[in-house]
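Here are some notes on the model, set out as numbered points. They deal in turn with a loop residue, the nonpolar core and a surface patch.

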Amino acid sequence: MINLVNYVDLSDWKTKNQIVFELHRDSGINISPDGREWREAVEKWNKAFANHEVPFYITHSNNMGYKATIDYQEAKMARNDYVKRAINMMKKARECDLAFQQQCNYQIDFEKGELV
């Protein structure tokens, strides 16, 4: 698989739609409009950054899109989004656990003196 990051200029913020269009227009590369391939390419790139194999990190923002950076303050935008998503997923997992744990609880009708 080609590395999509090499085909996009990320010196300034670009939205996913701009990236998909630029890949098609400038390089003839077609990816799905939902950008799944792009997100996977970014994830692989950032793993390579963590291993000191590439020179910059690709950060993202819900409002501004994607950007190449070596500034930790910019990278923290993506980092904070990951933490927020993780917390939300943990809350959903906890809700699931509680729902099934409480399913075994018995209710008592005190007026009739029986389990419901």
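1. Helices and strands are here DSSP runs, of at least four residues for helices (H or I) and at least two for strands (E), numbered from the N terminus. On that footing, His 52 is found in the loop between α2 and β1, the latter spanning residues 57-61. The model is a predicted one, and this should be kept in mind when reading that His 52 has a positive phi of about 60° although it is not a glycine. His 52 is also exposed, since its relative accessible area is 73%, and the cut-off for that term is over 50%.

2. Turning to the interior, the largest nonpolar core has 18 residues, and Leu 10 and Trp 38 are those with the most contacts inside it. Two or more residues of this core are given by each of the elements α1 (16-27), α2 (36-50) and β2 (65-69), with α2 giving the most, namely five residues. In soluble globular proteins, nonpolar side chains tend to be buried together.

3. The surroundings of Leu 10 can be listed in more detail. When its neighbours within four places in sequence are left aside, Leu 10 is in contact with Ile 19, Trp 38, Ile 58, Tyr 66, Lys 67 and Ala 68.

4. At the surface, Tyr 106, Ile 108, Phe 110 and Leu 115 make a nonpolar patch of about 560 Å². Of these residues, Leu 115 lies in strand β4, which covers residues 114-115, and Leu 115 counts as exposed because its relative accessible area is 56%, against a cut-off of over 50%.

Definitions and conventions
Residues numbered from 1 in each chain as written. Predicted model: local features only at pLDDT ≥ 70, side-chain atom pairs only at ≥ 80, totals over all residues. Heavy atoms only, no water. Patch = residues over 30% accessible without salt bridge, like charges linked within 9 Å, V, L, I, M, F, W, Y side chains within 5 Å. Areas by Shrake-Rupley, 256 points an atom, 1.4 Å probe, with all protein chains shown as cover. Salt bridge = Lys/Arg side-chain N within 4 Å of Asp/Glu carboxyl O. Buried < 20%, exposed > 50% of the residue type's maximum accessible area, 1.4 Å probe, protein only. Core = buried A, V, L, I, M, F, W, Y, C linked by side-chain atoms within 4.5 Å. Contact = heavy atoms within 4.5 Å.
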